[in-house]
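User: I'm at the bench most days and would like to learn how to read a structure like this one. Could you walk me through it, feature by feature?

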Amino acid sequence: MRLAGQMRLTTFLGVAGTGLLVAAIAGFGALGWWWVHRPAPAEIPVPVPVVAAPVAAPPPPPPGPVTPPPPSRREVDDVLFSYLGKNLGTDKLKDVTKGKPFKINVYQDSGKPAVNRAKVDLDRDDRWDEKITFDAERITRQVASADDEWYDLTYHWDGAIWVRE
Ligand SMILES: [Ca+2]
């Protein structure tokens with residue numbers, strides 16, 4: 001159809017469509033340009049979590065002694081030493097510590113001028129825990145550490161403490 005003074009409808013539609021296409025391309029181009037050149041988003045500060053400083057572990061305790069200290073003078077020793085040099089006038093005195101939690105027998109063997117040995121039952125279970133020998137040179141203490149009358153430890157009195165052999 002042709003109208004006077006007017007372009008053909010198909011030509012109009014073609015021109016209009018082309019124009020729309022160009023406008024669309026330009027629009028997408030502008031959008032692309034904006035996308036590339038858009039301002040960077042503002043940096044949002046991220047809160048830093050507060051972490052408590054690690055607490056230093058206390059230093060380990062110093063290592064204890066490898067061996068227990070030698071036993072010093074005990075009440076048992078006071079009783080034993082009270083018989084040093086004593087002439088019993090007999091070969092044996094039994095349970096010279098009646099009423100005490102430990103039992104001591106003292107012996108003066110034949111031909112000895114004074115007490116020369118003793119036995120100690122520390123817990124009065126009728127099994128000897130210790131044998132003591134009084135020699136002219138030294139005092140020896142043999143200990144059954146398992147209270148089984150098997151004497152596995154030996155000490156010597158040095159005047160202040162028992163020193164393990
Ligand atoms: Ca005992």
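Analyst: Happy to. Keep in mind that this is a predicted model. Let's start with one pair of strands: S4 and strand S5 (residues 139–143) run antiparallel and are joined by five bridges. The two form a hairpin, with four residues between them.

User: Which residue in S5 stands opposite Lys131?

Analyst: That's Gln142. Another pair you can look up is Thr133, which stands opposite Thr140 in S5.

User: And what does S5 pair with on the way to the C terminus, and over how many bridges?

Analyst: S5 pairs with strand S6 (residues 153–157), in the antiparallel sense, over four bridges. To find your place there, look at Arg141: its bridge partner in S6 is Tyr155.

User: Let me zoom out. How many helices and strands does the protein have, and in what order do they come?

Analyst: There are two helices and seven strands. Starting at the N terminus, the order is α-α-β-β-β-β-β-β-β.

User: How are the strands arranged in the sheet?

Analyst: They make an open sheet of seven strands with antiparallel pairing, in the order S1-S2-S3-S4-S5-S6-S7. At the edges sit strand S1 (92–93) and strand S7 (162–164), each pairing on one side only. S1 is joined to S2 by two bridges, and these strands run antiparallel. Leu93 stands opposite Val106 in S2. Further along, S3 and S4 pair over four bridges, again in the antiparallel sense. There, Val120 stands opposite Glu130 in S4.

User: Now the faces of a strand. What should I expect from the side chains?

Analyst: The general idea is that side chains in a regular strand alternate between the two faces of the sheet. Try it on S4. Its covered face has Glu130, Ile132 and Phe134, while Lys131 and Thr133 are on the uncovered one.

User: What about the nonpolar core? Which residues make up the largest one?

Analyst: First the general idea: in soluble globular proteins, nonpolar side chains tend to be buried together. Here the largest nonpolar core has eleven residues: Val76, Leu80, Tyr83, Ile104, Val106, Tyr107, Val115, Ala118, Val120, Ile132 and Phe134. The elements giving two or more residues to this core are helix H2 (75–81), strand S2 (103–107), strand S3 (117–121) and strand S4 (130–134). S2 gives the most, with three residues.

User: Which residues does Leu80 touch, if I skip those up to four places away in sequence?

Analyst: With those set aside, Leu80 touches Ile104, Ala118 and Ile132. Step back to the protein as a whole, and 12% of its 165 residues count as buried.

User: Let's take one core residue in detail. Is Phe134 buried or exposed, and why?

Analyst: Count the C-beta atoms around Phe134: the cut-off for buried is 20 or more others within 10 Å. Phe134 is buried because 23 other C-beta atoms lie within 10 Å. Phe134 has its place in strand S4. Leaving out neighbours within four places in sequence, its contacts are Leu84, Val115, Asn116, Arg117 and Ile139. Phe134 also gives you a case of sequence distance against space: Phe134 and Phe81 are 53 residues apart in sequence, and their C-alpha atoms are 9.4 Å apart.

User: How much do long-range contacts count in the whole protein?

Analyst: Take the contacts between residues at least 6 apart in sequence: 18% of these join residues at least 24 apart.

User: Last one: backbone angles. What should catch my eye?

Analyst: As a rule, most residues other than glycine have a negative phi. In this model, Asp95 has a positive phi, near 45°, and Asp147 has one near 55°.

User: Where are Asp95 and Asp147 found?

Analyst: Both are in loops: Asp95 in the loop between S1 and S2, and Asp147 in the loop between S5 and S6.

User: And why do Asp95 and Asp147 count as partly exposed?

Analyst: It's the neighbour count again. Asp95 is partly exposed because 14 other C-beta atoms lie within 10 Å. Asp147 counts as partly exposed because it has 15 C-beta neighbours inside 10 Å.

Methods
Residues numbered from 1 in each chain as written. Predicted model: local features only at pLDDT ≥ 70, side-chain atom pairs only at ≥ 80, totals over all residues. Core = buried A, V, L, I, M, F, W, Y, C linked by C-beta atoms within 7 Å. Contact = placed C-beta atoms within 7 Å. Pairing = 2+ DSSP bridges.
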